[in-house]
Amino acid sequence: MSENPILLKLENITKKYGDNLVLDSVSLEISKGEVCAILGPSGCGKSTFLRCINGLESIQEGKIFFKEKQIAGEGAKVQWRKVRQKVGMVFQNYELFPHLSVLENIILAPIKVENRKKDEVIAQAMSLLKRVGLEQKSNAYPKELSGGQKQRVAIVRALCMNPEIMLFDEVTASLDPEMVKEVLDVIKELASEGMTMLLVTHEMKFAQNVADRIVFFDHGKIAEIASPEEFFKNPKSERAKKFLSVFEF
């Protein structure tokens with residue numbers, strides 16, 4: 001574990017859809033600057049876990065703390081709009097507004113939600129677009145972009161809110177193979193700069209190379225937590241061994 005302060009803490013998180021138990025008393029701590037890869041079979045609760053952190057799903061039991069302030073669970077009194085300024089999230093399907101240009105998509109929330117000056121936000125947006133190789137696409141519309149370009153725009157949009165932690169929910173799952181690398185390269189650069197991140201991904205090699213810790217989910221529970229080296233070379237749980245057996249390393 002990192003010696004950095006705990007940025008995010010989850011205590012016994014339980015999430016149900018009717019009688020379906022999706023998250024079963026999940027507890028986890030994420031340190032500032034840590035990159036944590038969330039792995040596991042489809043339907044095991046990984047994406048729901050991220051959505052609970054960002055308030056997109058409610059929890060039935062447990063508590064979530066961000067920088068020692070309770071943001072979810074019994075007794076929490078927060079404005080999720082403010083929390084989401086610091087807990088950014090990027091989805092599998094981009095979530096870009098089709099009627100807005102790339103630049104308009106990026107600057108909308110910082111201006112409307114944070115009440116920042118338009119000139120300042122545009123300058124930051126253009127700087128971030130340049131960083132991900134899309135400065136020339138600022139006036140393009142989502143329909144004119146490739147999947148990889150749309151996902152990079154979605155990442156820039158989240159970064160323009162100046163978050164302290166980023167949640168990535170299978171952001172390469174719907175991309176063609178040649179587009180995956182351009183998105184993963186952006187995430188890898190963020191990791192190298194110390195951005196705290198939680199990644200739900202099926203890109204095993206990427207998780208192995210970029211994560212500080214692997215958190216393996218199975219049936220709504222954390223079945224194993226380990227360093228990438230330990231997890232990929234010598235997984236402890238039988239379920240993790242079976243899961244990894246279908247991948248080539």
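**Entry 1: Glu189 and Arg131**

I began with a side-chain pair: Glu189 and Arg131 form a salt bridge, with N and O 3.3 Å apart. This bridge links distant parts of the chain, since Glu189 sits in helix α6 and Arg131 in helix α4, 58 residues apart. I noted that this is a predicted model. I then looked up exposure. Glu189 is partly exposed at 34% relative accessibility. Arg131 also comes out partly exposed, at 34%.

**Entry 2: helix α6**

Next I checked the length of α6. The helix runs over residues 177-192, 16 residues in total. At 1.5 Å a residue I expected a span of 22 Å; the end C-alpha atoms are 23 Å apart, which agrees.

Which residues of α6 are buried? I listed Met179, Val180, Val183, Leu184, Val186, Ile187, Leu190 and Ala191. Viewed down the helix axis, these buried residues fall within an arc of 150 degrees, so they line one face. The general rule fits here: an α-helix has 3.6 residues a turn, so residues three or four places apart point the same way.

I turned to the face away from the buried side. There I found the exposed residues Glu178, Lys181 and Ser192.

What covers the buried residues of α6? I found several elements, including β3 (35-39), α4 (118-131), α5 (147-159), β7 (165-169), β8 (196-200) and α7 (204-210). Helix α4 also holds Arg131, the salt-bridge partner of Glu189. Just after α6, I noted a positive phi of about 95 degrees at Gly194.

**Entry 3: Asp218**

I moved to strand β9 (residues 213-218), where Asp218 lies. Is Asp218 buried or exposed? At 16% relative accessibility, it counts as buried, because the cut-off is under 20%.

Asp218 and Arg239 meet in a salt bridge, 3.4 Å from N to O. Arg239 belongs to helix α9 (residues 238-244), so the pair ties together parts 21 residues apart in sequence. Arg239 is partly exposed, at 27%.

I also found a side-chain polar contact between Asp218 and His219, at 3.2 Å. Leaving out residues up to four places away in sequence, Asp218 touches Pro41, Cys44, Ala223 and Arg239.

**Entry 4: other salt bridges**

How many salt bridges does the whole structure hold? My search found 16. One of them joins Lys221 and Asp24, with the closest N and O atoms 3.5 Å apart. Lys221 is in strand β10 (residues 221-226) and Asp24 in strand β2 (residues 20-31), 197 residues apart. Lys221 is partly exposed at 42%. Asp24 is partly exposed at 25%.

Terms used. Residues are numbered from 1 along each chain as its sequence is written. This is a predicted model: local features need pLDDT of at least 70, side-chain atom pairs count only at pLDDT 80 or more; totals for chains, interfaces and linings use all residues. Side-chain values use heavy atoms; hydrogens and water are left out. Helices (H or I, at least four residues) and strands (E, at least two) are DSSP runs, numbered from the N terminus. The expected span of a helix is 1.5 Å times one less than its number of residues. Buried means under 20% relative accessible area, exposed over 50%, partly exposed in between (1.4 Å probe, protein chains only). The arc is that of the directions from the helix axis to the C-beta atoms. Contact means heavy atoms within 4.5 Å. A polar contact is a pair of N or O atoms within 3.5 Å; within protein, one must be able to donate a hydrogen and the other to accept it, and residues adjacent in sequence count only if both atoms are side-chain atoms. A salt bridge is a side-chain nitrogen of Lys or Arg within 4 Å of a carboxyl oxygen of Asp or Glu.
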